[in-house]
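Open the model in a viewer and keep the selection panel at hand. The stops below say what to select and what is found there.

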Amino acid sequence: MTGKVLYPLIAVAALLAGIATQHWLASPTEPILEPPLHDLAGTPHALAEWRGKVVVLNFWATWCPPCREEMPEFSRLQQELGPQGLQFVGAAIDDPEEVRNFLKDNPVDYPILLGDERVPHWADQLGNHLSVLPFSVVFDRAGTPVAIHTGGFERQQVIDLVRPWLETRP
């Protein structure tokens, strides 16, 4: 083989090896454990409460403009698609008092949960490799993560992502 053919093949092989290595390193080697979560009243909750529904778990914070922008649409989608089995759950990565104050002026139609310092790590384990907000994870009706979305969610993006899972009945 000549250099004109051999070098591109080596480059492609190196690229594929790098991608495979990155995927292997990024794959969780231990189970993803859900940290303790509670609502604003202090009542503990777990995602298992919504088994049988398609859950969109949205990690957000009050200081995050794209997070705040997508929340009203999440409320509308909760009202529209909730009867079909969709459930939004917000996981606030923020000071509880800031969350309370924000929700007084900006109520939502889905549960908002708080956790401790383990919540950002949980988001990272679920696929938030950039550790950014907003970050959302879609869980199927059995509670298995099936899709992730980094950044602000537009209405149609949410619908397109959850539709196949909503059509799957238990």
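Select glutamate 97 and arginine 100 in helix 3, which lie 3 residues apart and are therefore separated by about one helical turn. In this predicted model, the two form a salt bridge whose closest N and O atoms are 3.8 Å apart. Glutamate 97 is partly exposed at 41% relative accessible area, and arginine 100 is partly exposed too, at 29%.

Next, go to helix 5 and pick aspartate 160 and arginine 163, again 3 residues apart and separated by about one helical turn. Their salt bridge has its closest N and O atoms at 3.7 Å. Aspartate 160 counts as partly exposed at 44% relative accessibility, as does arginine 163 at 38%. Then add Glu73, Arg76, Glu80 and Arg155 to the selection: salt bridges with shared partners join these residues into one network.

Stay with glutamate 73 and arginine 76. Their closest N and O atoms are 3.0 Å apart, and in helix 2 the two residues are separated by about one helical turn, being 3 residues apart. Is glutamate 73 buried or exposed? With a relative accessibility of 16%, glutamate 73 counts as buried, because the limit for that class is under 20%. Arginine 76, at 40%, is partly exposed. A search of the whole structure gives 6 salt bridges.

Now turn to the interior. The largest nonpolar core has 27 residues, and those touching the most other members are Trp60, Met71, Leu86, Phe88, Ile112 and Val162. Elements that each supply at least two residues of this core include strand 3, strand 4 (86–92) and helix 5 (155–166). Helix 2 gives the largest share, 5 residues.

Select leucine 86 and show its surroundings. Setting aside residues up to four places away in sequence, leucine 86 touches Val54, Val56, Leu77, Gln78, Leu81, Val162 and Leu166. Another core, of 16 residues, lies apart from the largest one; Trp50, Leu57, Val89 and Leu126 are among its members.

The last stop is asparagine 58, in strand 3 (residues 54–60). How much relative accessible area does asparagine 58 have? The value is 0%, so asparagine 58 is buried. Its side chain makes a polar contact of 2.9 Å with the side chain of glutamate 70. Beyond neighbours within four places in sequence, the contacts of asparagine 58 include Phe74, Val89, Pro134 and Phe135. To finish, draw a distance from the C-alpha atom of asparagine 58 to that of valine 138: the separation is 8.8 Å, for residues 80 apart along the chain.

How values were computed: Residues are numbered from 1 along each chain as its sequence is written. This is a predicted model: local features need pLDDT of at least 70, side-chain atom pairs count only at pLDDT 80 or more; totals for chains, interfaces and linings use all residues. Side-chain values use heavy atoms; hydrogens and water are left out. Helices (H or I, at least four residues) and strands (E, at least two) are DSSP runs, numbered from the N terminus. Buried means under 20% relative accessible area, exposed over 50%, partly exposed in between (1.4 Å probe, protein chains only). Contact means heavy atoms within 4.5 Å. A polar contact is a pair of N or O atoms within 3.5 Å; within protein, one must be able to donate a hydrogen and the other to accept it, and residues adjacent in sequence count only if both atoms are side-chain atoms. A nonpolar core is a set of buried Ala, Val, Leu, Ile, Met, Phe, Trp, Tyr and Cys residues joined through side-chain atoms within 4.5 Å. A salt bridge is a side-chain nitrogen of Lys or Arg within 4 Å of a carboxyl oxygen of Asp or Glu.
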